[in-house]
Amino acid sequence: MNSKTVNIIGAGPASLVAAIQLAKNNYAVTVHEMKNDVGTRFNGDFQGIDNWSTYEDAHDFLKSIDISINFKFVPYSNGDYFDPLAKKYNIKTSRPLFYLVERGTNEESLDQGLKRQALKAGVEIKWNSRISKTPEGKVIIGTGPKAADAIAKGIVFETTHKNYYAGFLDDNIAPQAYAYLLVNEGKATFATCLFKSFSNAQEYYDRAYKRLIETVDIDIINPSSFGGYVNFFFNKNLTKDNRIYYVGENAGFQDALWGFGMRYAMHSGYLAARSIIENSFYPDLCKIHIIPKMEASLVNRWMFSKLGNFGYKEVLKRISKKKDLVSILTKKYNSNGLGKRLLFPIAKLWFRPRLKDKQCMHKNCSCLWCKHGKHDFQDVKTDC
């Protein structure tokens, strides 16, 4: 087979960024997607690309990984946060805290924008293509999350409210997490996130919705329910057999506290592509560019879990007096000081991922999901 041929499994942001980069460097790229389009697991809900985990603005980051902005990409700065007693705090930032994007099959979505860029670059996308064994040659696997380490339950709706965002901290509506409201150009997303008590998601959502109505004067038109989940873990095996590369949430790349993992996902796809192009070691690139920030996010998650409702109130009170939240977060995500080095082992022991082995869910199997052992693609079985 031509050494400049790469197969990619899954058509999420990480996979498509990898495909675009490879195609622009004259590789023959085929993306295999089991659905009939990209973004089908989303419902047009708004999400955010974080702008605090690096000193580089997310706009410049996308340019650095050769991605054009042909999708909704709106900067959001100052916003309101509500404590457990429904008291409002306005949080200030010197630059956008995040960039709002839309997920799903709508024309302006991130998913559709990346698809258009991939097709323009010459990537072949095979729809309804279910791959159960790894093809010959170089393969990138970006099949998304395999377990729910955190979930979101909410609604998308129409509104006449101005562009706006708000966060809500209260263990009674979002245990050890947060609820959020995002409004843009007459559409909105409201959801509560949970890191535990998943079976009580409806009860928490109902409480969160009541808090929204109490605190924000917003009209809710044609609401439609949605749900989602994220996956976070530290994976030591980012490659297999020197030809298979794992990217995005399939590799565990996610922010452990806030769930803003798209930047990590896209970066991992870019790094996997560059490692193929340059014949460099992909895990080393991830250790430099992604994993330190994941470690910081896990320490933050552990610390956040200890706050409780009294702690949320005190934190909001303090940061509302600061001139810039972004600089505080950026420093925390890029510090490798003694505090982080001491706390990370504790946080890692404390964290219990929902699925112990995220990729191999069958004993002694040789299917696509395996990361253990060496498997010859000619002998791979497809019955698991």
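Reader: Which strands does helix H5 lie across, and at what angle to S3 does the helix run?

Author: This is a predicted model, and in it helix H5, residues 262–278, lies across S3 and S7. The helix runs at about 65° to S3.

Reader: In what order do the strands of that sheet come?

Author: The order is S3-S7-S4, an open sheet of three strands with antiparallel pairing. Strand S3 (46–50) and strand S4 (74–76) are the edges, each paired on one side only. From one strand to the next, the twist averages 40°.

Reader: Over how many bridges do S3 and S7 pair?

Author: S3 and strand S7, residues 98–102, pair over five bridges in the antiparallel sense. One position to look up is Gly 48, whose bridge partner in S7 is Leu 100.

Reader: Now the seven strands. Is their sheet open or closed, and what is the pairing?

Author: The seven strands form an open sheet, and the pairing is mixed. The order to trace is S6-S5-S11-S12-S13-S10-S14. At the edges are strand S6 (88–91) and strand S14 (221–230), and each of these pairs on one side only. The twist here averages 20° from one strand to the next.

Reader: Which helix packs on this sheet, and which strands does it touch?

Author: Helix H4, residues 201–215, packs on the sheet. It touches strand S5 (79–82), S10, strand S11 (164–168), strand S12 (179–184) and S13. The direction of H4 makes about 130° with that of S13.

Reader: In what sense do S10 and S13 pair?

Author: Strand S10 (residues 150–158) and strand S13 (residues 187–194) pair in the antiparallel sense, over eight bridges. Within this pair, Ile 151 of the one strand stands opposite Leu 194 in S13.

Reader: How many cavities of 30 Å³ or more does the structure hold?

Author: There are two cavities of that size. The largest has a volume of about 70 Å³. Among the residues lining the largest cavity are Asp 149, Ala 150, Phe 195, Val 230, Arg 301 and Phe 351. Its lining divides into six nonpolar, three polar and three charged residues.

Reader: What is the mean pLDDT, and where does pLDDT stay under 50?

Author: The mean pLDDT of the protein is 91, and 91% of its residues reach 70 or more. Over residues 357–366 pLDDT stays under 50, and the model has 28 contacts beyond four places in sequence for them. Residues 369–384 also stay under 50, with 44 such contacts in the model.

Definitions and conventions. Residues numbered from 1 in each chain as written. Predicted model: local features only at pLDDT ≥ 70, side-chain atom pairs only at ≥ 80, totals over all residues. Heavy atoms only, no water. Pairing = 2+ DSSP bridges. Helix = DSSP H or I, 4+ residues; strand = E, 2+ residues; numbered from the N terminus. Axes fitted to C-alpha atoms, helices over the stretch in contact; angles between N-to-C directions. Contact = heavy atoms within 4.5 Å. pLDDT = per-residue confidence, 0-100. 1 Å grid on protein atoms, 1.4 Å probe; cavity = no way out; pocket = protein on both sides within 12 Å on 5 of 7 lines; lining within 4 Å. Points joined across faces, edges and corners; volume = space filled by probe spheres on them. Nonpolar A, V, L, I, M, F, W, Y, C, P; charged D, E, K, R; others polar.
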